[in-house]
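Biologist: I am new to this structure and would like a close look at one part of it, namely the side chains that meet through rings, charges and polar atoms. Please take the backbone of the loops as well.

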Amino acid sequence: MKIGLNPAFLFAHFGDKVFFDQVITGATRAKELGFPSLGLEIYCDEQYDAYTPKNIGRIRDHFHALGLESTAFLACAPRAKLASITKKIRQEGKRDFKRIVDVVSEMGLTNTVSLVSSAPPEAVISYMQTYPGAPPESIALPPSCSWETVWNTYVDTIKECLEMAISRGLRLAIEPLPMSIVSTSDSYLRLADEIRSNDFGILIDTSHLFYQRESLPVAIEKVKGQLFGFCACDNDGVQDFHWPPGKGNIDWREVLRTLKKAGYEGYVDLEINVADEPDPTYLNAREYLENILKEL
């Protein structure tokens, strides 16, 4: 296992409006700090413009020149649309997702696109305030809608998204999110039973699962062999913060031991989306996890 960087590294430096220049600057900084990888994402609709055909080639060439790898490309922007109970909105989400799949395929830096799960936007009452873009904190389905309809519609939507990914030589991971259609390792497994594809897997964000009182070692055991990515961040188990590992209540020794036991050989990507001093925060977090790995 190696310690890499989630796109939150760019978020911590530049906020949620990350465009071409910030991607280039962030990649250079990641290499200067000695990290072997940096994940990318389209977080909001405005970011699509950062990935023009010309920019895609320039980003790819820059990563290659730096010798920098990239893990799963996160498709955050269309997540709510794809979970919508409104057909027109879902269709817009599918078009947006295809646009991201095309970007990831053309760039050629990773074979995995990760879709963050969401609640139907029509059901969200309020959102958490722990960080920009945080998950819902309260939801309730409209009276005219059943959970069965929400679930079946989402299954069909994810199947279509997977088909888009496979058509471009990619695989698809789903990232569980609190108060979302896929929120835990068990709801992921239920979805995986519906999808039934070796090209479909899970990306674990430790803070999201820990906040929901999941045992992280047990969750890893449940999905071993289906784990396409792993993001390391900490919290107190009371609110869904994304703190540096070691600053909260997660038992990182047991988490890393279980990852090793499960045969996970991918990157453990640090995900700290808010930091007063991003560079030393990320370096200290890497040192903390590497010291544990040396002892296992």
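Modeller: What follows goes from an aromatic pair to charges over rings, then to an acidic side chain and two loop residues.

This is a predicted model, in which local features need pLDDT of at least 70, side-chain atom pairs count only at pLDDT 80 or more, and totals for chains, interfaces and linings use all residues. Residues are numbered from 1 along each chain as its sequence is written, and side-chain values use heavy atoms, with hydrogens and water left out.

Rings of Phe, Tyr and Trp (its six-membered ring) pair if their centres lie within 6.5 Å; planes under 30 degrees apart count as stacked, over 60 as edge-to-face and the rest as tilted. By this rule there are 7 aromatic pairs. In one of them, Phe230 and Tyr264 have ring centres 6.4 Å apart and planes at 50°, so this pair is tilted. Phe230 belongs to strand 9 (residues 227-232), while Tyr264 is in the loop between helix 10 (252-261) and strand 10 (267-270), so the pair ties together parts that are 34 residues apart in sequence. Helices (H or I, at least four residues) and strands (E, at least two) are DSSP runs, numbered from the N terminus. Buried means under 20% relative accessible area, exposed over 50%, and partly exposed in between (1.4 Å probe, protein chains only). Phe230 is buried, at 1% relative accessible area, and Tyr264 is buried as well, at 12%.

A charge sits over a ring if NZ of Lys or CZ of Arg is within 6 Å of the ring centre and within 35 degrees of the ring normal. Arg171 lies over the face of Phe228, 3.8 Å from the ring centre. The charged end of Arg190 is over the ring of Trp151, at 4.3 Å from its centre.

Asp279 is found in helix 11 (residues 278-295) and is buried, with a relative accessible area of 13%. Its side chain and that of His13 are joined by a polar contact of 2.8 Å. Such a contact is a pair of N or O atoms within 3.5 Å; within protein, one must be able to donate a hydrogen and the other to accept it, and residues adjacent in sequence count only if both atoms are side-chain atoms. Leaving out residues up to four places away in sequence, Asp279 touches Phe9, His13, Arg29 and Leu33, where contact means heavy atoms within 4.5 Å.

Now the loops. Met179, in the loop between strand 7 (171-175) and helix 7 (185-195), has a positive phi of about 60° although it is not a glycine. Met179 is partly exposed, at 35% relative accessible area. Arg196 lies in the loop between helix 7 and strand 8 (200-205); this residue is not a glycine either, yet has a positive phi of about 55°. Arg196 is exposed, with a relative accessible area of 69%.
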